[in-house]
Amino acid sequence: IAVRSPSGVWSVLGSGLSGGTTVNAIARGLDGTIYVGGIFTDAGGSGADYLAAYSPATATWSVVGSATALNSTVNALVIGPDGALYVGGNFTNASGIANADYIAKWDGSAWSALSTGMNNEVNALAFSPTGTLYAGGNFTTAGGGAAVRVASWNGSVWSAMGTGANARVRALVWGNNQLYIGGGFTTGGGVSGADYIASWNGAWAALSTGADGDVYSLAIGPNGQLYASGTFQVIGGVTAGGIASWNGVSWSAIGLGFSSPGSDYATGLAVSSTNILYLATNNEVADPGNAEGIISWNGASYITLGLAPTSATAILLRSEERRVGKECLRLCRS
């Protein structure tokens, strides 16, 4: 794990992670704490398993509750309007709580369950501006009720989202007054054309004719532009090498995309306040330079951001819209 300053200088975060050393998700708490989740068994000597917290103020790592609060992989992290950390993954009985299966909440002092949790893994989490939490994954029940691979939480109960998806949901992002959903499904809510990607605003809707392969990551810019990356080669009838953008009406390719479309994709996407797209990937893009690792797209070309070629799995871009002119790019690499 590393951090890039506004001036483009990379530096380490303490002594980093060990014991698996794959990060799947990063989130920034309202107090500035950086939460990191994935497959690891130590962070900066804290002994934290699967989830850890980093304080930029003290430059130290710490456990979240306890070192062994989680017993398996963390796939998704999101901070709620209440400031609490919501965690999704493959774990069961978070902090010994029987109902905290595959999803749990950390309020800064204690862990808690969200009803009775899920019956299988959670891969993605997102909040709406009104405080509704959305979860996607490979589950078929949420809170004991039927909810097929995607569900919503109103703070008290889980609800199904129509008929759900017929295969794994991998990515969620809220924007333009709706939830965008990506994954391996070919039936989203039973809607024609909702293949691998769809939207939800009380009902399912297709984004043109969908894609021809899995969607692994989603991001949305301040201008409302949606970005998607996955193993698709065609999306909305447009040839796109594993990465594309949606303007609300049609899809567009982003440069030449990846060198091996159909197998290469970005596992993480983020968009700055100036609408610059950033990618975390272990694959090369096909545009000149064959950039890989952490890459930016400035609207005309892909640029490698100063690291030796490496694989990157997750990215958090802090676009400080309240303090103009500062950006902090955080990445995790294995």
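**Close-up 1. An open sheet of 4 strands in this predicted model runs in the order β4-β5-β7-β8, with antiparallel pairing.** Strands β4 (22–28) and β8 (60–62) stand at the edges, each with a single partner strand, so one side of each is left without a neighbour in the sheet. Direction ignored, neighbouring strands of this sheet are turned by 25° against each other on average. As a reminder for newcomers, strands of a sheet pair through backbone hydrogen bonds, either parallel or antiparallel.

**Close-up 2. Here we zoom in on β4 and its pairing with β5.** Strand β5 covers residues 34–39, and 6 bridges join β4 and β5 in the antiparallel sense. To find your bearings, look for V23, which stands opposite G38 in β5.

**Close-up 3. This view turns to the second largest pocket, with a volume of about 160 Å³.** Its lining is made up of 14 residues, and the closest to the pocket's centre are D31, Y35, G83, W106 and G108. Sorted by class, the lining of this pocket holds 9 nonpolar, 3 polar and 2 charged residues.

**Close-up 4. Our last stop is the largest cavity, which holds about 40 Å³ of space.** Searching the whole structure turns up 1 cavity of 30 Å³ or more. Around the largest cavity you can pick out A48, D49, L51, V63, V64, S66, A67, A69, L70 and W111 as the lining. These lining residues divide into 8 nonpolar, 1 polar and 1 charged. Rolling a probe the size of a water molecule over the atoms shows where empty space is left.

Technical notes:
Residues numbered from 1 in each chain as written. Predicted model: local features only at pLDDT ≥ 70, side-chain atom pairs only at ≥ 80, totals over all residues. Heavy atoms only, no water. Pairing = 2+ DSSP bridges. Helix = DSSP H or I, 4+ residues; strand = E, 2+ residues; numbered from the N terminus. Axes fitted to C-alpha atoms, helices over the stretch in contact; angles between N-to-C directions. 1 Å grid on protein atoms, 1.4 Å probe; cavity = no way out; pocket = protein on both sides within 12 Å on 5 of 7 lines; lining within 4 Å. Points joined across faces, edges and corners; volume = space filled by probe spheres on them. Nonpolar A, V, L, I, M, F, W, Y, C, P; charged D, E, K, R; others polar.
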